[in-house]
Amino acid sequence: MAVHAHPDDESSKGAATMAKYVSEGVDVLVVTCTGGERGSILNPKLQGDAYIEENIHEVRRKEMDEAREILGVGQEWLGFVDSGLPEGDPLPPLPEGCFALEDVDKAAGELVRKIRSFRPQVITTYDENGGYPHPDHIMTHKITMVAFEGAADTEKYPESEYGTAYQPLKVYYNQGFNRPRTEALHHALLDRGLESPYEDWLKRWSEFERKERTLTTHVPCADFFEIRDKALIAHATQIDPEGGWFRVPMEIQKEVWPTEEYELAKSLVETSLPEDDLFAGIRDNA
């Protein structure tokens, strides 16, 4: 189960991993916490389109349907309202009724229902910083960690209301946007006489105030990078197919960095680090 904040997050974070496991016969479910209603239209070719602006919620649902089909995963909505990304100094208050202002335990209960119904062995989500500090990403982290424990807690979440108790075995943080990967691709491009889209990223890395994460798990999934990109492009309002996401030639990506990275946050099974499989320790004890 991959728990994400908005439609498009599932295609930019761990999509190749999901497609790999689907190809192996694993059941994969994406849970999307919000509808992305307050997301900006980031594709310049679609900006100013009156229909999209007036029907962004419906448009993003259709994009999610297309990406889901491409990845071969299941997908369900948690039903919360996008909080938007506040900007300014000082930051404006979050809109009333948005996801980030929900009670954490109550919102986690909705995810507990999904976990008890789907019964995943492994859950992926964001770290405590949300991957980047979007309020919905941070809230997604909070409710996932509560739900990971709460799915087995029948006092906090009674079976009569939330379904039969169940305990997932591992939870991971997506860490695909990590410094080692960025530096490796950056230098590979320069060594080949190509322009790198990461120069400014690396210069500004310290400004992000992000601590270096522990990359415990590198999942080989290069054979599924094309599927990942196709799913991402399906989110047409969010992704410019000629933008920075796609400036590194595919052959360089596969040669230099053929994996997607995760940080093991909690495990109820024994496993040896580093891993190359989200199911390490689970397959052995199946």
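The following dialogue examines how the terms applied to this predicted model are justified.

Mentor: In this predicted model, local features need pLDDT of at least 70 and side-chain atom pairs count only at pLDDT 80 or more, whereas totals for chains, interfaces and linings use all residues. Residues are numbered from 1 along each chain as its sequence is written, and side-chain values use heavy atoms, with hydrogens and water left out.

Trainee: What makes strand β2 largely enclosed by the rest of the structure?

Mentor: Helices (H or I, at least four residues) and strands (E, at least two) are DSSP runs, numbered from the N terminus. A residue is buried under 20% relative accessible area, exposed over 50% and partly exposed in between, with a 1.4 Å probe and protein chains only. In β2, residues 29-34, 6 of the 6 residues are buried, so the strand is largely enclosed.

Trainee: How do you know that β2 pairs with strand β1 and with strand β3?

Mentor: Two strands pair if DSSP finds at least two bridges between them. Strand β1 (residues 2-4) is joined to β2 by 3 bridges, and the two run parallel. His-4 stands opposite Thr-32 of β2. With strand β3 (residues 74-80), β2 has 5 bridges, again in the parallel sense. Here Val-31 is opposite Glu-76 of β3.

Trainee: What makes β7 a partner of strands β5 and β6?

Mentor: Bridge counts answer this as well. Strand β5 (residues 170-174) is joined to β7 by 5 bridges and runs antiparallel to β7. Asn-174 has Tyr-262 of β7 as its bridge partner. Strand β6 (residues 217-220) pairs with β7 over 4 bridges, in the antiparallel sense, with His-218 opposite Glu-261.

Trainee: Why is Lys-170 called buried?

Mentor: Lys-170, in strand β5, has a relative accessible area of 0%, and is therefore buried. Its C-alpha atom is separated by 7.6 Å from that of Leu-264, a residue 94 residues apart along the chain.

Trainee: Why are helices α5 and α6 called oblique to each other?

Mentor: Two packed helices are described by the angle between their axes and the distance between the axes. Axes are lines fitted to C-alpha atoms, for helices over the stretch in contact, and angles run from 0 to 180 degrees between N-to-C directions. Angles under 35 degrees count as roughly parallel, over 145 as roughly antiparallel, 65 to 115 as roughly perpendicular and the rest as oblique. The axes of α5 (residues 104-118) and α6 (residues 135-150) come within 8 Å and cross at roughly 60°, and the two helices are therefore oblique.

Trainee: Which residues make the contact of α5 with α6, and how do they divide by class?

Mentor: Contact means heavy atoms within 4.5 Å. On the α5 side the residues are Val-104, Asp-105, Ala-107, Ala-108, Leu-111, Val-112, Ile-115 and Arg-116; on the α6 side they are Met-139, Lys-142, Ile-143, Thr-144, Val-146, Ala-147, Phe-148 and Gly-150. Ala, Val, Leu, Ile, Met, Phe, Trp, Tyr, Cys and Pro count as nonpolar, Asp, Glu, Lys and Arg as charged, and the others, Gly among them, as polar. The contact has 11 nonpolar, 2 polar and 3 charged residues.

Trainee: What makes helices α4 and α10 roughly antiparallel?

Mentor: Helix α4 (residues 56-71) and helix α10 (residues 225-234) pack at an angle of about 170°, with their axes 8 Å apart. That angle makes α4 roughly antiparallel to α10. Glu-63, Glu-66, Ala-67, Ile-70 and Leu-71 of α4 meet Ile-227, Lys-230, Ala-231 and Ala-234 of α10. This contact divides into 6 nonpolar, no polar and 3 charged residues.

Trainee: What is notable in the backbone at Asp-8 and Arg-119, and are these residues buried or partly exposed?

Mentor: Most residues other than glycine have a negative phi, and most peptide bonds are trans. Asp-8, in the loop between β1 and α1, has a positive phi near 110°. Its relative accessible area is 12%, so Asp-8 is buried. Arg-119, in the loop between α5 and β4, has a positive phi of about 60°. At 42% relative accessibility, Arg-119 is therefore partly exposed.

Trainee: Where is there a cis peptide bond?

Mentor: A cis bond joins Leu-273 and Pro-274, with omega about 0°. Pro-274 lies in the segment after β7.
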